[in-house]
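Biologist: I should like to understand how this chain is built. Would you take me through the model, one question at a time?

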Amino acid sequence: MSLIFGAGKIGYAVSLVLKKRGKEVVVIDKNMQALNRAETIGCKTYLFDFTKSFNLIGLNISKFKEIIITTSDHKVNIEALKISRELNKEALIIVNAPSSEHISGLKKLGADFVVTPDRSMAQIIINQLELSSYWRNKDLLRKMLEKSKSLAIVMHDNPDPDAMSSSYALKAIAESMKVNSDIYYGGEIGHEGNKMMVELLKWDFKKITEHKKYILREYDLIALIDMPNLSNTTIFPSELKPDIIIDHHYTEEEKINAEFTDIRPKVGATATIMTSYLRDFGIEVNEQLATGLMYGILVDTNNFKRNFEKEDTEAVYYLKPKINKELLNIIENPNISSITLDVLSKAINNKKIYDKYVISNVGYVETKESLSQSADLLLKLEGITVSLVIGIIEDHVFVSARSRDQVIDISKIIIKAFSKMGSAGGHMNFAAAKISIGAFSYTEDREILVKIVGDKITENFFKTLKLNSKGSM
Ligand SMILES: [Mn+2]
């Protein structure tokens, strides 16, 4: 139940909206005529003159959940606020004030929220500005596409689900305007889930190498998706300028100009931005695209545990009825390939535990990913806080390390231990190193080499940690 002080313009407008939402509303005012108007829309009314008395006998203020104070007399508003807060500690109290100077004073008296005409007006203008620039942008995108016959969409070299689904969304928009489009990338689609996504959604991306990038010149338009500049792509011809940039990353780096730019750094995913375009262009979103966009948003917001905006939740809400839940479930929980499974089982069989450290040498493997997955797995062992997995791919030794130890910054240890032998880097909780096999003694015997490599890496690691080989200080 809501109590509204003041049946004037604002009080009446607020009660009208609340009544429409089916709420019980009590309006209090000294003006009988104004109260009559409130009664016609179903409000209960209470005649009272604050300028004459502050004694609100008969009105049980403590029973209201919301109290809205809207009279045109600031002094009356202050008194109404004081009495309301005194008699009702729990209610949400909103007060109208003539200007922003009054905000802190009213908050001190117990107002939860103060509305002022200057701030409200500014907010309306800002909202309108954002909305208008979005609609103008949308029109510009349509005009550009309508003038063109072909569009090349460029993703970062190692595209993630956000980049892939967003590119497909732009392709769908372009195709609805009879523009042929192709989607390009220059590196690898890693991660089992990402590969699974491409396969299940039957998506077609064109991988090109740097020396083939000239083919992008043949398109009328080029779009960069999910990146604000060219620092994450090797296939963008240097003599060209992108025509379209759609992204959500904030960058301090060099910004590039494009005829159409929509970069919204607060939004959680490019897929969110693309969903708004699909919706507002009235383009039908098929099951594959909806599922892909949903996965893109979930990955980029880390299932809404990372930064996200209202726009992201709106996009999810819009996509929800269109997705295929089973597909999404498979993509989110990809089956482990048998090759990876082999490496994981080797990592478990070969593990050596030293106190809270676990080290495993898996020997020759095919992918770096299987090493990091092994390190992730071993870190789950009880009592273990640091895991290290050693493997060889062709003529390089790879070390993948994980830590959930509060004290150990694993990247510092790995960099200190291995950067002299090769390259090393990482973060507090995960790190990796790559060392040429030439740094170890030469032997034709692969089995002996694997052992030499494992021993040397283990020794260096523990030396850096200043532990003996048993793992204690
Ligand atoms: Mn993204």
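Modeller: Let us begin with one unit of the fold, bearing in mind that the model is predicted. Strand β4, helix α3 (residues 74-87) and strand β5 together form a β-α-β unit, and this unit is right-handed.

Biologist: Through which helix does the chain cross from β5 to β6?

Modeller: This is again a β-α-β crossover, and it is right-handed. Strands β5 and β6 (residues 113-115) run parallel and are joined by three bridges. The helix on the path from β5 to β6 comprises residues 103-108 and is α4.

Biologist: Which residue of β5 stands opposite Glu-66?

Modeller: Strands β4 (residues 66-69) and β5 (residues 92-96) run parallel, with four bridges between them. In general, strands of a sheet pair through backbone hydrogen bonds. The residue of β5 opposite Glu-66 is Leu-92.

Biologist: What is the order of the strands in the open sheet?

Modeller: The sheet has six strands, and their pairing is parallel. Its edge strands are β3 (44-47) and β6, since each pairs on one side only. Neighbouring strands are turned against each other by 15° on average, direction ignored. Read across the sheet, the order is β3-β2-β1-β4-β5-β6.

Biologist: What is the bridge partner of Ser-2 in β2?

Modeller: Strand β1 (residues 2-5) runs parallel to strand β2 (residues 25-29), and four bridges join them. In β2, the partner of Ser-2 is Val-25.

Biologist: At about what angle does helix α1 run to β2?

Modeller: Helix α1 covers residues 9-20 and lies across β1, β2, β4 and β5. Relative to β2, the helix runs at about 170°.

Biologist: Which feature does UniProt place at residues 1-116?

Modeller: Over residues 1-116 the chain is 35% helix and 22% strand. The end C-alpha atoms of this stretch are 24 Å apart. According to the unreviewed UniProt entry, the feature is "domain: RCK N-terminal".

Biologist: Which helix gives the largest share of the largest nonpolar core?

Modeller: The largest nonpolar core has 55 residues; Ile-153, Val-154, Ala-223, Met-274, Leu-293 and Met-294 touch the most other members. Leaving aside neighbours within four places in sequence, Met-294 is in contact with Val-316, Leu-319, Ile-323 and Leu-328. The largest share of the core, eight residues, comes from α9.

Biologist: How many residues does the second, separate core have?

Modeller: Among the members of this second core are Val-358, Ala-375, Ala-401 and Ala-424. The core is separate, and its number of residues is 35.

Biologist: Is Asn-302 buried or exposed?

Modeller: Asn-302 is placed in the loop between α9 (287-300) and α10 (310-319). Its phi is positive, about 45°, although Asn-302 is not a glycine. A residue counts as exposed if 12 or fewer other C-beta atoms lie within 10 Å of its own. Asn-302 has 11 such atoms within 10 Å, and therefore it is exposed.

Biologist: Is Glu-394 exposed or buried?

Modeller: Glu-394 lies in the loop between β15 (386-393) and β16 (396-403). Its phi is near 50°, a positive value in a residue other than glycine. Because Glu-394 has 7 C-beta neighbours inside 10 Å, this residue counts as exposed.

Definitions and conventions:
Residues numbered from 1 in each chain as written. Predicted model: local features only at pLDDT ≥ 70, side-chain atom pairs only at ≥ 80, totals over all residues. UniProt positions renumbered as here; feature names shortened; annotations may be inferred. Helix = DSSP H or I, 4+ residues; strand = E, 2+ residues; numbered from the N terminus. Pairing = 2+ DSSP bridges. Right-handed = clockwise from strand over helix to strand, strands pointing away. Axes fitted to C-alpha atoms, helices over the stretch in contact; angles between N-to-C directions. Contact = placed C-beta atoms within 7 Å. Buried ≥ 20, exposed ≤ 12 C-beta atoms within 10 Å, placed from the backbone. Core = buried A, V, L, I, M, F, W, Y, C linked by C-beta atoms within 7 Å.
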